[in-house]
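Trainee: I have a new structure open and want to learn how to read it. Can we go through it feature by feature?

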Amino acid sequence: MNLRHKYILVFGGFCLILTLGGGHLAWRAANGALENELDQKLVWVAGAAAEVGLQANPLLALQPGDEDSSLYLPNRERLLRLLRYVDEAHIFRRDNTVIVTTDSPEDYPIGTPLRWLDAYEPELEVAWSTGEGVSEVFEGQDGRFYKYGFKRLEESDAMLTVLITADYLIPLNQFQQTLLVGSLGTALLAGLIAAMLATSIARPLERLSRGALKIQRGRWNERVGPEGGVELGRLSKAMERMRAGIVQRDEQLRLMLAQVAHEIRNPLGGLELFATAAVEAEDQEERARLLTRVRHEVQTLNEIINHFIAFSRPIHPHRKVHDIREPVGQAVDLVRLQLDARGTELAVTLPDAPLVVWADPDHVKRTILNLLHNAGEAGTEVRLEAWWQNGEAVVSVRDNGPGVPKEARARIFDAFVTDKERGAGLGLAIVKRMVEVNGARVVLVDPEGGAEEAGPGRARLSGAEFRVYFRGSEEFPAESAAKSQNSVARTRISQGSAA
């Protein structure tokens, strides 16, 4: 099936479904309104009949064999006069036995059970409790549709029921047939209109389809030409943006592969050099020193590979409500020994009150750990602070290094952007991804002030400052309170040791 036929089929089918659906809704609305009106009239007729000369107590006194009595005959005459307005009328007791009926007394003498009333038990329960009720529409043996109306006589154990023809269904069925014919006509007209429209748009769509096939087959350097019209023009522009995005992603992949090769080649060259020197070294101390360098290069290589794996994998957070001081304290514990070995001073300031956030605790720890590693490599003094601000928990990591050059600030969180001699430039890119999947944000604070506030009254270092804003929560997990207090205590002890 070609594009034109599909367009005609879809457009014509849509119009058919739309008209049929709208017609069905209109039919249901009309049916409900007419049925409600018929129910009201049916209740009115039964109520009027019950109020004109029909007395419950004398009727309930009638017993089998009283069909010729002076009490039975006038009441039956009143029911017979109702036949000008209804098709049947019956008065019966609570046990569904007849008292007076418009049918022949020979066929339905007093006390005869009206078995057909068993089919209307729910409606009768309503009528006995509320005083009136109606049945659902049903089809009689003659093919016509009817409804029963029920009216309780003077809150007694006597009930009047009348049968009326539901003639409103005849014009409704005619209306339904008219809607069906109109829907089919509308579908045919829609098919003709679709055929004319398809002629004017099929060729541009076929050109765009060929362009998509070229993209699928890897011919990315051929631009998708613009098409006329608002919709087709927008589609052609979107396809061109897609093609450019694929080209950009391909270039990024090539850059990533080149960066991987470059970053791995350096440690491998060092491994080869130090391993060869270690084999040839006769002095044990020299050999141990060289093997230590080999281990360091292996660790560097492993770190590079881990960065690339972390960047390539999708991040799936397991967010929960927790005190952020716990994972921040864990990150501080992990990085402190490395910073002490470099001679870098680390100062940590956490509040006494809990900082409860909605985030993945492991992602929080890894984010702060990466920021502390970067700060420790940039300067000799690192400060970590946390505070509550405008419904968010803010964690700040600062250093006294040279800072981020002004021309690099806009791309500092992009992949493979780095000013270091070694490193793939993925650390901050990974941080940004982990932060964003947790509904948080990370910013590089403008050293000149900018839109970011200076913090909770603390002096700023000369280097870079990164802040992470985690979405706060009013809930607090009681089971983690003790852990949070222990983490704060350990942090204070480590600060005292550093001092």
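Mentor: Begin with pairing. Two strands pair if DSSP finds at least two bridges between them. The model here is predicted. In it, five strands form an open sheet in the order S8-S10-S11-S13-S12, and the pairing is mixed.

Trainee: Which strands are the edge strands of that sheet?

Mentor: Strand S8 (345-349) and strand S12 (441-444) are the edges, and each pairs on one side only. Neighbouring strands of this sheet are turned by 15 degrees against each other on average, direction ignored.

Trainee: How should I read a single pair inside the sheet?

Mentor: Strands of a sheet pair through backbone hydrogen bonds, either parallel or antiparallel. Take strand S10 (residues 381-389) and strand S11 (residues 392-399). They pair in the antiparallel sense over eight bridges. To find the register, look at Ala386, whose bridge partner in S11 is Val395.

Trainee: Which helices lie across S12 and S13, and which across S8, S10 and S11?

Mentor: Helix H10 (residues 427-437) lies across S12 and S13, and runs at about 145 degrees to S12. Helix H8 (residues 325-342) lies across S8, S10 and S11, at about 165 degrees to S8.

Trainee: Now the interior. What is the general idea?

Mentor: In soluble globular proteins, nonpolar side chains tend to be buried together. In this chain the largest nonpolar core has 37 residues, and Leu372, Leu384 and Phe470 touch the most other members. Helix H9 (residues 361-378) gives the most to this core, with six residues.

Trainee: What does Leu384 touch, leaving out residues up to four places away in sequence?

Mentor: The list includes Val328, Val332, Ala347, Val348, Ile368, Leu372, Val395 and Val397. Polar residues appear too, among them Thr349 and Ser396. Apart from the largest core lies another, of 17 residues, including Tyr72, Leu82, Ile91 and Ile110.

Trainee: Let me try a strand next. Is S5 largely enclosed or open?

Mentor: Count its buried residues. Seven of the eight in S5 are buried, so the strand is largely enclosed by the rest of the structure.

Trainee: Which strands pair with S5, and in what sense?

Mentor: Strand S3 (residues 132-134) pairs with S5 in the antiparallel sense over three bridges. Here Glu132 has Lys151 of S5 as its bridge partner. Strand S4 (residues 138-139) is also antiparallel to S5, over two bridges. Glu139 is bridged to Phe145 in S5. S5 and S6 pair in the antiparallel sense over seven bridges. In that pair, Lys147 has Ile164 of S6 as its partner.

Trainee: How do I read the turns of the hairpins?

Mentor: Count the residues between the strands, then check phi. S4 and S5 form a hairpin with five residues between the strands, where Gly143 takes a positive phi near 85 degrees. The hairpin of S5 and S6 also has five residues between its strands. In that turn, Glu154 has a positive phi of about 55 degrees, although Glu154 is not a glycine.

Trainee: Is Glu154 buried or exposed?

Mentor: The cut-off for exposed is over 50% relative accessible area. Glu154 is at 52%, so this residue counts as exposed.

Trainee: Where is Asn96 found, and what is its phi?

Mentor: Asn96 is in the loop between strand S1 (88-93) and strand S2 (98-101). Its phi is positive, about 65 degrees, and Asn96 is not a glycine. With a relative accessible area of 14%, Asn96 is buried.

Trainee: What about the chain as a whole?

Mentor: Its 499 residues are 40% buried. The chain has 11 helices and 13 strands. Of the contacts between residues at least 6 apart in sequence, 68% join residues at least 24 apart. The chain exposes about 28,400 Å², with carbon and sulfur atoms supplying 55% of it.

Trainee: And confidence?

Mentor: The mean pLDDT of the chain is 78, and 76% of the residues reach 70 or more. Among the elements, strand S13 (residues 465-471) has the highest mean, 94, and helix H11 (residues 481-498) the lowest, 42. Over residues 478-499 the pLDDT is below 50, and this stretch has 23 contacts beyond near neighbours in sequence. Over residues 450-454 pLDDT stays under 50, with nine contacts beyond four places in sequence.

Key. Residues are numbered from 1 along each chain as its sequence is written. This is a predicted model: local features need pLDDT of at least 70, side-chain atom pairs count only at pLDDT 80 or more; totals for chains, interfaces and linings use all residues. Side-chain values use heavy atoms; hydrogens and water are left out. pLDDT is the predictor's confidence in each residue, from 0 to 100. Helices (H or I, at least four residues) and strands (E, at least two) are DSSP runs, numbered from the N terminus. Contact means heavy atoms within 4.5 Å. A nonpolar core is a set of buried Ala, Val, Leu, Ile, Met, Phe, Trp, Tyr and Cys residues joined through side-chain atoms within 4.5 Å. Buried means under 20% relative accessible area, exposed over 50%, partly exposed in between (1.4 Å probe, protein chains only). Axes are lines fitted to C-alpha atoms, for helices over the stretch in contact, and angles run from 0 to 180 degrees between N-to-C directions. Accessible areas come from the Shrake-Rupley method with a 1.4 Å probe; for residues, only the protein chains shown count as cover.
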